[in-house]
Amino acid sequence: MEGFTIRDLMAILRRRFWHLTVPAVLLMLGTVAAVVLLPPLYRSTATVLIEQPEIPKDFVRATVSSLADQRLRAIQQKITASGDLSDLVTRFDLYPAERRTKPMNEVVDKMRDNIKLMEVSPDLSGKPLRPNQTAIGFTLSFDYGDPVLAQRVANELVSRFLSENLKTRREQSSQTAQFLGAETKRVEDRMKTLESEIAVFKNQHAGALPEDLTYNMQLAEKNERDLTELVRQIQIAEQRRTALKGQLAVVSPTTTVDGRGRDLGPAGKLQVAQTELAELSGRYGARHPDVLKKRREVASLQVAARAQPIQAAVRGDANPAYLQIQAQLEGIDAEMRSLTVQRDAVRAQLQAYQAKVQKTPDVERDYLALRRDYDNVAARYNDLKTKATEADMAQAVERDSKSERFTLVEPADLPGAPVKPQRMMLLAIGMVLAAGAGVGTVVGAEALSSAVYDPRQVRGITGALPLVAIPYLSTPSEKRGRWQWRWAWVGLGIAAILGALLAIDRLWMPLDVLTAVLSRSAGLN
């Protein structure tokens with residue numbers, strides 16, 4: 001159509017008035033009815049703060065290691081279990097209509113869906129926690145059609161939440177302390193058993209332990225030196241004994257002496273020389289020049305003593321030289337017997353110490369294995385003892401409620417307005433849809449109609465304007481009928497407006513409060 005103007009639009013609206021108003025009014029009435037008839041849903045919300053421990057973690061380490069948000073989810077699973085929720089449904093007589101027509105598990109599922117838990121982030125943004133954030137609190141809400149019951153049930157839920165958190169923390173700290181105490185006792189018994197085994201092992205291998213090795217080697221070296229010295233002394237005594245036996249062989253038991261008692265023959269001189277040889281040999285050794293010289297003198301005196309007859313008169317008395325040599329020989333025999341006993345004793349000690357030294361590596365291997373087990377168990381015991389002490393302190397902190405805890409900062413409120421349905425939004429959507437339905441009906445009717453309502457339409461069809469256009473002439477009865485319909489629609493519109501105001505006043509907000517809010521928002525006094 002060419003040259004479409006406002007007059008054409010107004011003509012279409014007058015012509016299609018019923019197409020515009022009937023769908024719009026019907027849809028609007030349906031929206032208002034839905035808004036009025038939909039049951040309200042009230043939300044009661046309680047706010048809980050997660051307080052940090054009163055005692056710093058550096059002094060007392062908590063045995064409850066899970067994060068607060070993880071604990072929240074675990075407690076939520078417990079208090080929203082089917083058994084607990086069914087108990088609440090029966091106790092507060094919730095969802096009576098649903099309980100008459102549906103099984104209890106479906107009613108419990110509906111109640112579970114109406115319980116909302118939301119963590120409070122440190123920035124108080126109301127958004128879900130990011131991975132690197134920790135909740136400082138949480139809100140617990142319950143949605144129900146009765147605001148009083150919604151508040152009562154929300155308070156009951158948050159009370160159970162606080163009690164379950166306290167119970168869980170105390171049980172976990174108590175179980176940790178009991179476990180560590182029992183484990184410490186078990187490790188302590190094992191440590192005592194190893195101590196007894198080590199004591200028995202030390203008794204069985206006394207003197208051959210690793211710490212005795214140095215001492216045993218020192219004693220073995222000392223015994224080796226003592227044994228060498230005793231062997232040398234026995235050899236010297238043997239040499240002296242041999243020399244005295246040689247002297248005794250050439251000395252007669254009786255002797256010829258002069259009037260002053262001196263032996264004048266070679267035998268007396270031989271005895272003196274042999275005595276001096278024995279003393280020099282014991283003092284300087286067999287290869288000393290003086291020893292060699294004295295040995296040659298003894299040899300010449302022995303030859304002279306055998307060749308020369310005895311000239312002196314025989315008195316018949318015992319020869320003092322013979323008796324002296326004999327006494328010395330007996331002394332040397334006694335000394336050799338004593339040295340032999342000492343040598344055997346020292347040799348036995350040396351063999352014993354050597355056996356201990358040889359046995360030490362095997363003993364050390366077994367001893368170190370026992371000691372290693374004991375050290376590991378002792379380290380484990382000390383670690384468990386420390387942890388058990390910390391667990392006992394943590395249990396005391398939990399018992400006195402000085403650890404991390406949930407504190408109710410805002411009890412469940414009594415909701416003043418429903419959260420569902422959002423009636424104003426539904427009304428606005430209904431109005432938009434009603435207007436769209438009316439306009440769409442008008443556009444559709446115009447598009448499907450083949451009637452001609454304007455001379456320009458004739459020109460568009462025939463190519464020429466008509467000579468004259470005769471308007472529609474209404475009769476008086478038609479005019480009265482149109483006015484009656486107009487007043488009826490005006491009355492219907494007024495009734496719809498009054499109904500909407502009544503719905504707003506009763507279901508959303510009192511009109512005086514709404515007027516005050518709008519005035520304050522507009523900056524009016």
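These are my notebook entries on a sheet and some helices in this predicted model.

**Entry 1: the sheet.** I began with the strands. I found an open sheet of four strands, and its pairing is antiparallel. Reading across, the order is β2-β3-β1-β6. I then asked which strands sit at the edges. They are β2 (115-120) and β6 (405-410), each of which pairs on one side only. I also looked up the twist: neighbouring strands in this sheet are turned by 25° against each other on average, direction ignored.

**Entry 2: β1 with β6.** Next I picked out one pair of strands. β1 covers residues 42-51 and pairs with β6 over five bridges, in the antiparallel sense. For a handy landmark on screen, I noted I50, which stands opposite F406 in β6.

**Entry 3: α7 on the sheet.** Which helix packs on this sheet? I found α7 (residues 147-204) there, touching β1, β2, β3 (137-144) and β6. The direction of α7 makes about 145° with that of β3.

I stayed with α7 to check its span. The helix has 58 residues and reaches 85 Å from its first C-alpha to its last. That is close to the 86 Å expected at 1.5 Å a residue. I looked at the start of α7 too, where a side-chain oxygen of D146 comes to within 3.1 Å of the backbone nitrogen of V148.

**Entry 4: α4 against α6.** Last, I turned to another pair of helices. The axes of α4 (residues 82-92) and α6 (residues 104-113) come within 9 Å and cross at roughly 90°. Angles of 65 to 115 degrees count as roughly perpendicular, so α4 and α6 are roughly perpendicular to each other.

I listed who meets whom. From α4 come S82, L85, S86, L88, V89 and T90, and from α6 come M104, V107, V108, M111 and R112. By type, the residues of this contact divide into seven nonpolar, three polar and one charged.

How values were computed. Residues numbered from 1 in each chain as written. Predicted model: local features only at pLDDT ≥ 70, side-chain atom pairs only at ≥ 80, totals over all residues. Heavy atoms only, no water. Pairing = 2+ DSSP bridges. Helix = DSSP H or I, 4+ residues; strand = E, 2+ residues; numbered from the N terminus. Axes fitted to C-alpha atoms, helices over the stretch in contact; angles between N-to-C directions. Contact = heavy atoms within 4.5 Å. Parallel < 35°, antiparallel > 145°, perpendicular 65-115°, else oblique. Nonpolar A, V, L, I, M, F, W, Y, C, P; charged D, E, K, R; others polar. Expected span 1.5 Å × (residues − 1). Polar contact = N/O pair within 3.5 Å; in protein donor to acceptor, adjacent residues only side chain to side chain.
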